[in-house]
Amino acid sequence: MDFQIIHLPKEKWKGTIIPIKYKTDKYYDVIVNKTDNGFVIDIEKKDFTAPVTHAPEEHDFPDKLYEEHWKNAYAWGVLVNDELVAAIETDQELWSNRLRITELWVDERYQKQGIGHAFIEIAKEQARRERRRAIILETQSCNVNAIDFYQHEGFNLIGMDTCCYKNNDLQRKEVRLEFGCFPGEKKRLSREEIEIRMETRDDWYSVELMTQHAFWNKHNLGCDEHYLVHKLRQHKDYIPELSRIAIKDGAVIGCIMYSKSRVVDGADTHDIITFGPLCVDPEWQGCGVGELLLRETMSLAADKGYKGIIIFGEPDYYPRIGFKTCDNFNIMTLDGKNFDAFMGIELAQDSMKDIRGKFYHSEVFENLPKEEVEEYNKNFPPLQKLRFPGQWD
């Protein structure tokens, strides 16, 4: 089946019943025994004497999307002929910095076709973007297929509740089990572990593919940064002698591209430089690759006599490398504004003290028609455009 996962907006899908139903002939028997030194808990897969079916009709409160108690819920789903046949919902557990999967359902007609796995990948991507320390979910000890599926997807048992549904959950063989998946802290790479060099024509496709993956669905549906890389190489403002790529085990895992820009104050024009994109393959994000690229190329730029760098970038990342908002340099945007994402850095002591005015970046950043981007996307394996919470709802 070719299926498309879409965001399910709260205003349309709130209150939609998720008809979770399953039949099982096995269960995980949970036995809790108190001992002189504490407790002993045994959990063992066993056979029911007869198959057991669980359906939404047996519950007073069936599962629904966007329940009131999930304050930060966000849902995706699959529609077939306008019928919802699968859904996943997550909720940001802000106080513990975890992401909870609150609903995950695939209609039995569409199971074993990869939809469940695709849903879990969405949750993992959301957790990566939000830097959550864990993804958690709950299921029942008698939902053996779900338990086996979650374990296959990298989840492990992290806890249980023996009276979540009724006071006799242990006897009914329907105990709430909590499972968790932990992305883990990534090891930072040293300069000796990667190769940083200028790109060659043979690198072009790999650099653009990596860039596409790094920005896909980050700022909008899809991305155009890989097309920007393609256009930038051909533009008069591109500075190849500063631009660099990062290589790890023969694969391109990062790049930084520099271009000429200027600051204009009336009749006075000051040459300056900017970079963008600076990106790292998602698999290697959080390992310090971007910082290695940036520090090495900043040193190159300083050696070549450039006075400073002006960027539009992430305000929670660049200040730790030394970037400051541009109001510190008496530099403003073309429309006379300043904000946290508009930053600059001097490449030598007081090297930008005489530069002031309005910032103009290269025209190449303004000329990326959507239809051209879509056509260029045909050069790469297709990726799904998907909305994530807190970005551009």
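In this predicted model, lysine 64 is in contact with Gly15, Thr16, Ile17, Ile18, Glu89 and Glu103, leaving aside its neighbours within four places in sequence. The residue lies in the loop between β3 (38-54) and β4 (73-80). One of these contacts links distant parts of the chain: threonine 16 is 48 residues away from lysine 64 in sequence, yet their C-alpha atoms are separated by 5.2 Å. Even with these partners, lysine 64 remains partly exposed, at a relative accessible area of 30%.

Attention can now turn to charged pairs, of which there are plenty to look at: the structure holds 27 salt bridges. One of them joins the side chains of aspartate 29 and lysine 46, with an N to O distance of 2.9 Å. Because aspartate 29 belongs to strand β2 (residues 22-35) and lysine 46 to strand β3, this pair ties together parts that are 17 residues apart in sequence. The two partners sit in unlike surroundings, for aspartate 29 is buried at a relative accessible area of 5%, whereas lysine 46 is partly exposed at 30%. Nor does the pair stand alone, since Asp29, Lys46 and Lys173 are linked in a network of salt bridges.

Two further salt bridges join residues that lie close together along the chain. In helix α7 (residues 289-303), glutamate 291 and arginine 295 are four residues apart, about one turn of the helix. Their closest N and O atoms are 2.9 Å apart in the salt bridge that they form. Glutamate 291 counts as buried at 18% relative accessibility, while arginine 295 is partly exposed, with a relative accessible area of 41%. The other example is the bridge between the side chains of lysine 236 and aspartate 237, at 3.4 Å from N to O. Here lysine 236 counts as exposed, with 62% relative accessibility, and aspartate 237 counts as buried, with 12%.

The cysteines tell a simpler story, as a search of the whole structure finds zero disulfides. For cysteine 255, the nearest cysteine sulfur is that of cysteine 279, at 3.7 Å, and cysteine 255 is in no disulfide. The reason lies in the cut-off, because a disulfide requires the two sulfur atoms to be within 2.5 Å. Cysteine 255 counts as buried, at 0% relative accessibility. Cysteine 163 is a second case: its closest cysteine sulfur, in cysteine 164, is 7.8 Å away, which is too far for a bond. With a relative accessible area of 47%, cysteine 163 is partly exposed.

Burial also marks helix α6 (residues 225-233), which is mostly covered, with seven of its nine residues buried. These are Glu225, His226, Tyr227, Leu228, Val229, Leu232 and Arg233. Their cover includes α5 (204-215), β12, β13 (268-280) and α8 (370-377).

Strand β12, which contributes to that cover, spans residues 251-265 and contains serine 261. At 6% relative accessibility, serine 261 counts as buried. Leaving aside its neighbours within four places in sequence, serine 261 is in contact with His270, Asp271, Ile272, Ile273 and Thr274, and also with Phe359, Tyr360 and His361.

Technical notes:
Residues numbered from 1 in each chain as written. Predicted model: local features only at pLDDT ≥ 70, side-chain atom pairs only at ≥ 80, totals over all residues. Heavy atoms only, no water. Helix = DSSP H or I, 4+ residues; strand = E, 2+ residues; numbered from the N terminus. Buried < 20%, exposed > 50% of the residue type's maximum accessible area, 1.4 Å probe, protein only. Contact = heavy atoms within 4.5 Å. Salt bridge = Lys/Arg side-chain N within 4 Å of Asp/Glu carboxyl O.
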